[in-house]
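This report is written for a reader who is meeting the structure for the first time. It begins with the cysteines and then turns to the protein as a whole.

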Amino acid sequence: MSLLLILSLVFLLSWNVADAGGDDQQKAFVQCLSNSTSVASNISNIVYPSDNPSFSSILEFSIRNRRFDTPTTPKPLVIVTPRNVSHIQSAVLCAQSHNLQLRVRSGGHDYEGLSYVSPRPFVVLDLIQMSNITVDAANQTAWVQSGATVGQVYAQVGKSSNTLAFPASVCHTVGIGGIVSGGGYGTLLRYAGLAADHVADVQVVDARGRVRDRASLGEDVFWAIRGGGGNTFGIVVAWKFNLVTVPETVTMFSVTKTLEQGPTKYLAKWQKIADALPNELLIRIVMYKAVNPVTIAVVFNCLYVGSKDKALSLIQESFPELGVTPEVMFEMTWAQSTIQFAGINGTTLDSLESRTPVKDVTYFKAKSDYVTKPIPDSAMDGLLKMMMQDGIEQPYVIFTPYGGKMAEIASNSIPFPHREGNLFKIQYLVYWKEDSEEVSNAHMKWIRDVYDYMGSYVSSNPRAAYMNYRDLDIGENMNSSTGGNGTMAYQQAKVWGVKYFKGNFERLVKIKTAFDPTNFFSNEQSIPSLGAGKEGQTTSSNNSSPASAPSGDSDGGNNAGNETQSGDNNAGNGTQSGDVGQGDNNNNNNGTQIGGVLRGDNGNSTTQTIASVVIRYGPRSYYYLVLLFLVLFV
Ligand code: FDA
């Protein structure tokens, strides 16, 4: 009899649960947002539930890797495209109160699609509408909102002055939010370091929906967000950069050698000199499979931060074998050089600014390595041979020289640790177009084989990797969507964490634990929280005063909690003590709610386990846990 009762209960509850879940969370989230007056007045322009006719085009607009745009790729329940900081605050608070994961997207270039894909019910906060750039040429600074692209920043800096520059990526379409969060290198890396090395201030929305700046974050968190990985500490709304000065004229040149010309000898010479050249000279190597006839092209792409005369004498003295002549050298401004390096069809700075969806997005996979001693010729020959493998459509191997400014900056200056002692960085990359599992498997296998092959010739203990070339092959968090809390999560994260951050990983974990202990900002490779601290605190400062807004459209201040959550969620008012729950049942301050338990206040192991399951698998799992309990004990 009791078994029959239980089975009926199971049926009834399952039926209800099937109706609940995603749809209900979606509706509740949208309803929560509409309670915010600032969102409500713009809702049709900023909130796109999955049944909105514009949903797919907005989602696909910034997707750069087709591997994460298939019919089976998990899609967000809602996309929010905020236009000001209060919209972001509302999205953070509503996602928390409805137990939705938040994935923030700036340029959408994440190699593993983590800014727009999650295995658990999620919302995408797409910053595409937040791309204001204000250059202050007199003070050599710029405030840039995260949704701007690198090209847009280059164009604005170039238009403001011929002697100012911003060291960021080679590719102009990359988003500021993601690239600075992981480091950000471009053609000026030997001259000026990384984008993240030049951050002077930030505007961040934290897990409690508060707007913070450098002063209120404290120096630890300010250190962590300059390269410690995106979607880990908060939503960076805007960055203030110190710009660098450059001469009015820079010089570009490029020389290509093919397999038939025996490129190994040039590569050997390059390995000897590239990191020791004056900081002004960059010789970067791009190797790819050329067609008609099929060969490997080894392109030596060069930028000299100075005039053609000086560039010529320097290259003829240091690398005469390349055979560079004045005819292949071109003088231009630094901003124009970024157009050339990006390979854009266009000559004006405006061409850097246009943001259109990529046509014919291809599939790709990438991996990275650091080299600390020269690779032997025989190994280089083997690599070139692998690039010629039949059936592999577009293999690329890119060598970016280090030394110069990169070696002058201490390895713990920001979380990006790859400084002195590195000769160069390798990026392995393979693209394919065909929509076929077989072709996909062959290309994935190829790049993994190349990576295995190179293992003996690159850095070890750890085998270092570049955070911005995200590679889930090197490890994932324990609970892939939440990152997980606690010691086990930490041990698992360490596997990939020390590869990206080396000795800086430990400090990142401490800062994360203190600042976002519930791990609200998380993904498959976010820094884990040990789960012991109080949310919103930093190890050096717990000042929550409002940050000043850098641009006119931002509301600034700490108003989201008040505005969005009329009494049912107490996060975000900037005055609470920090140990009050922020989960979806946090209106009673009694320390027993899920949000509070996860932070370690008053929790016991059973409730913690239940809480983790619910956080990991969503509210639906709560019903299943109740059913399991009934079946086992009633
Ligand atoms: P995306 O929006 O996908 O974000 C990447 C990560 O950062 C995600 O985890 C996301 O959640 C998080 N994030 C985004 N905005 C955030 C915000 N405002 N606050 C907090 N977290 C945020 N790199 C390089 O150093 N030099 C280069 O030349 C290039 N070139 C290049 C070319 C191409 C075609 C691609 C696809 C990629 C590169 N990259 C690169 C790598 C690039 O730096 C890396 O993919 C960045 O993370 C991309 O940043 P987006 O904002 O575009 O990505």
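## The disulfide

In this predicted model, Cys32 and Cys94 form a disulfide, with their sulfur atoms 2.1 Å apart. The pair links distant parts of the chain, since Cys32 belongs to helix α2 (residues 22-34) while Cys94 belongs to helix α6 (residues 85-97), and the two cysteines are 62 residues apart. The link of Cys32 and Cys94 is left-handed, with a value of -80° about the S-S bond. In general, a disulfide is a covalent bond between the sulfur atoms of two cysteines. The count for this model comes to one disulfide.

## Burial of the cysteines

Are the two linked cysteines buried or exposed? Cys32 counts as buried because its relative accessibility is 5%, which lies under the 20% cut-off, and Cys94 also counts as buried, with a relative accessibility of 0%.

Two further cysteines can be described in these terms: Cys171 has a relative accessible area of 31% and is therefore partly exposed, whereas Cys302 is buried, with a relative accessible area of 1%.

## The protein as a whole

The protein has 24 helices and 18 strands, and of its 634 residues, 59% count as buried. When contacts between residues at least 6 apart in sequence are considered, 72% of them join residues at least 24 apart.

As for the surface, the protein exposes about 24,100 Å², and carbon and sulfur atoms supply 52% of that area.

Note on methods
Residues numbered from 1 in each chain as written. Predicted model: local features only at pLDDT ≥ 70, side-chain atom pairs only at ≥ 80, totals over all residues. Heavy atoms only, no water. Disulfide = S-S within 2.5 Å. Helix = DSSP H or I, 4+ residues; strand = E, 2+ residues; numbered from the N terminus. Buried < 20%, exposed > 50% of the residue type's maximum accessible area, 1.4 Å probe, protein only. Contact = heavy atoms within 4.5 Å. Areas by Shrake-Rupley, 256 points an atom, 1.4 Å probe, with all protein chains shown as cover.
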